[in-house]
Amino acid sequence: MTFQNTLSVVKLEKADLFRQAAFIGGDWVSAASGATIPVDDPATGALLGTVPDCGVAETDQAIAAANAAFPAWRAKTAGERAAILERWHALVLDNVPDLARIMTAEQGKPLAESEGEIRYAATFIKWFAEEGRRASGHDVLAPEANRRIFVMKEPIGVAAAITPWNFPAAMITRKCAPALAAGCPVIVKPSDFTPYTALALVRLAELAGLPAGTINVLTGRPEAIGSALTASPVVRKLSFTGSTRVGSLLLRQCADTVKRTSLELGGNAPLIVFDDADLDLAVQSAMISKFRNAGQTCVCANRILVQDSVHDAFAEKLAKAVTALRVGPGDVAGSTVGPLINAAAAQKVQAHVDDALSHGATLYASAENGMAYERFVAPVILTGANSNMLLASEETFGPVAPLFRFTHEEEAIDLANATEYGLASYFYTDNIHRAFRVAERLEAGMVALNTGTIAMEMAPFGGVKMSGLGREGGRAGLEEYLESKAFHIGGLKL
Ligand code: SIN
């Protein structure tokens, strides 16, 4: 089929990367009904193009294609799979500028951040290509002299990956690369807000030589596709990144077919600044953690807890950094904070700010927002935040930095843990004893001391409590796609 490049404002070096079709069994296809959904540019609301609105029929086709591809893909050696993944990795790196332009057009983040995300996404392909070669089992000492027990690692089967709009590339490679490296074909359902990055990545996977059916992309509204994927007994694994509400719904849907699930869900990360912290480092990291992607990350600092004696100095330094942020379209040089994904997201942020102000917070500092379009939101610092405010218990998912004061360590830990979520926690101290005391008591899947970055290919990423199940990245990320089969051999004549 032919593709019309309607990305009129985005010039690509390879127009071929912009695809307005689903990818099933190695073919670029429309929905059988011909239905499509629009995709817009969050910086203007302008139409970028459409993608097929796939439903149950297309999902069933993708499941059948993945299932048909499974025997040959699992039969390849780990080295053969790795070679294809290495080619995919190289192609992604060769096309960073185009992939970043597509991402900025549909997601809104500044081009520099999009380029950073593409490089970050590529690290998962490389890491899991290598890690797949080490997916070996082990032997176990048996209770009888004439018995041997081997634990064999096998691919779990067809995997489904439902991915969010905030990281349109990295969340795909963080799921697909381990699945493919382990020998599992995969079906991706990217967010309907950001399908084009996914389709471009998969076009490159096709060019890298991934066999038909090993990677499939279903575009469209999530409900029908999600229900068909979770209901299918052929799909043995679901990996989802998104809200806790949808994650728990998918978990319930997966129960009937007893699927393995990895769920990376909501967060409400505390960032604690103790009085013995390096304040410049704390400010620098808070800026990364809080304002990357306009605050639209599950791991971003939602609550900034600052010890009394350094509160004012920290607030002043943070204000200097926040007022230097530049709100603007992602493709305009100098923009550091792009639009939020849609009007509802911007309204939620405003509701959190209004609620905090009505409960006694003060607007301490704000970056300028010269953009009239409703999805642009000014980054702000609020002081005097307290637990009665919505932003204390809900994920704001926007560029709002609320400062809570505390007086002693115990109080900070209690405040930090006073949430149903447990994804990321950050804290700043130069005291080694405090570092261990606090790290061991924070209820989170990831704890960061004196750094604002925790997401990288070699480390496990995931949460506790309502923040999810399972881990992505690192060794654990590969294990999520492997079964352990115990092979017992008895009656050996030795
Ligand atoms: C997320 O928002 O959960 C993803 C963060 C990341 O991988 O950088």
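A search of the whole structure turns up 30 salt bridges. This is a predicted model, so take the tour with that in mind. We'll stop at three of the bridges, then look at the ligand, a surface patch and one buried arginine.

**Stop one: Glu154 and Arg74.** Select this pair and show the side chains. They form a salt bridge, with the closest N and O atoms 3.9 Å apart. Glu154 sits in strand 6 (residues 148-155) and Arg74 in helix 1 (residues 56-75), so the bridge ties together parts that are 80 residues apart in sequence. Switch on a surface and check Arg74: its relative accessibility is 37%, so it counts as partly exposed.

**Stop two: a bit further along strand 6.** Stay on the strand and pick Met152, which also belongs to strand 6. Its relative accessible area is 31%, which makes Met152 partly exposed. Now add Phe150 and Phe487 to the selection: with Met152 they form a nonpolar patch on the surface, and together the three have about 240 Å² of accessible area.

**Stop three: helix 5.** Select residues 170-182. That's helix 5, with 13 residues. From first C-alpha to last it reaches 18 Å, close to the 18 Å expected at 1.5 Å a residue. How many of the residues of helix 5 are buried? The count is 13 of the 13, so the helix is largely enclosed by the rest of the structure. Step off the end and you land on Gly183, which follows helix 5 and has a positive phi, near 105°.

**Stop four: Arg174 and Glu264.** Go back into helix 5 and select Arg174, then add Glu264. Their side chains meet in a salt bridge, 3.3 Å from N to O. Arg174 lies in helix 5 and Glu264 in strand 11 (residues 260-264), so this pair ties together parts that are 90 residues apart in sequence. Is Arg174 buried or exposed? Buried, because its relative accessibility is 2%, under the 20% cut-off. Glu264 counts as buried too, at 4%.

**Stop five: the ligand.** Keep Arg174 and Glu264 selected, since both are among the residues around the ligand. Others to add include Tyr120, Asn166, Phe167, Met171, Arg292 and Phe461. Then draw three distances to ligand oxygen atoms:

- Tyr120: a polar side-chain atom lies 2.6 Å from an oxygen atom of the ligand.
- Arg174: a polar side-chain atom lies 3.1 Å from an oxygen atom of the ligand.
- Cys298: here a polar backbone atom is 2.7 Å from an oxygen atom of the ligand.

How much of the ligand's exposed area does the protein bury? Taken alone, the ligand exposes 260 Å², and the protein buries 100% of that.

**Stop six: Glu409 and Arg434.** Jump to this pair, which forms a salt bridge with the closest N and O atoms 2.7 Å apart. Glu409 lies in helix 13 (residues 409-417) and Arg434 in helix 14 (residues 432-441), so the bridge ties together parts that are 25 residues apart in sequence. Both Glu409 and Arg434 are buried. Now widen the selection to Asp275, Asp276 and Arg437: salt bridges that share partners join these with Glu409 and Arg434 into one network.

**Last stop: Arg375.** Look in the loop between strand 14 (362-366) and strand 15 (380-383), where Arg375 lies. Despite the loop address, Arg375 is buried, with a relative accessible area of 7%. Which partners should you show with it? Asp40 is one: its side chain makes a polar contact with the side chain of Arg375, at 2.8 Å. Ile341 is another: its backbone oxygen lies 3.0 Å from a polar atom of the Arg375 side chain.

Terms used:
Residues are numbered from 1 along each chain as its sequence is written. This is a predicted model: local features need pLDDT of at least 70, side-chain atom pairs count only at pLDDT 80 or more; totals for chains, interfaces and linings use all residues. Side-chain values use heavy atoms; hydrogens and water are left out. Helices (H or I, at least four residues) and strands (E, at least two) are DSSP runs, numbered from the N terminus. The expected span of a helix is 1.5 Å times one less than its number of residues. Buried means under 20% relative accessible area, exposed over 50%, partly exposed in between (1.4 Å probe, protein chains only). A salt bridge is a side-chain nitrogen of Lys or Arg within 4 Å of a carboxyl oxygen of Asp or Glu. A residue is near a molecule or strand if one of its heavy atoms lies within 4 Å of it. A polar contact is a pair of N or O atoms within 3.5 Å; within protein, one must be able to donate a hydrogen and the other to accept it, and residues adjacent in sequence count only if both atoms are side-chain atoms. Accessible areas come from the Shrake-Rupley method with a 1.4 Å probe; for residues, only the protein chains shown count as cover. Patches are made of residues with over 30% relative accessible area and no salt bridge: like charges are joined within 9 Å, nonpolar side chains (Val, Leu, Ile, Met, Phe, Trp, Tyr) within 5 Å.
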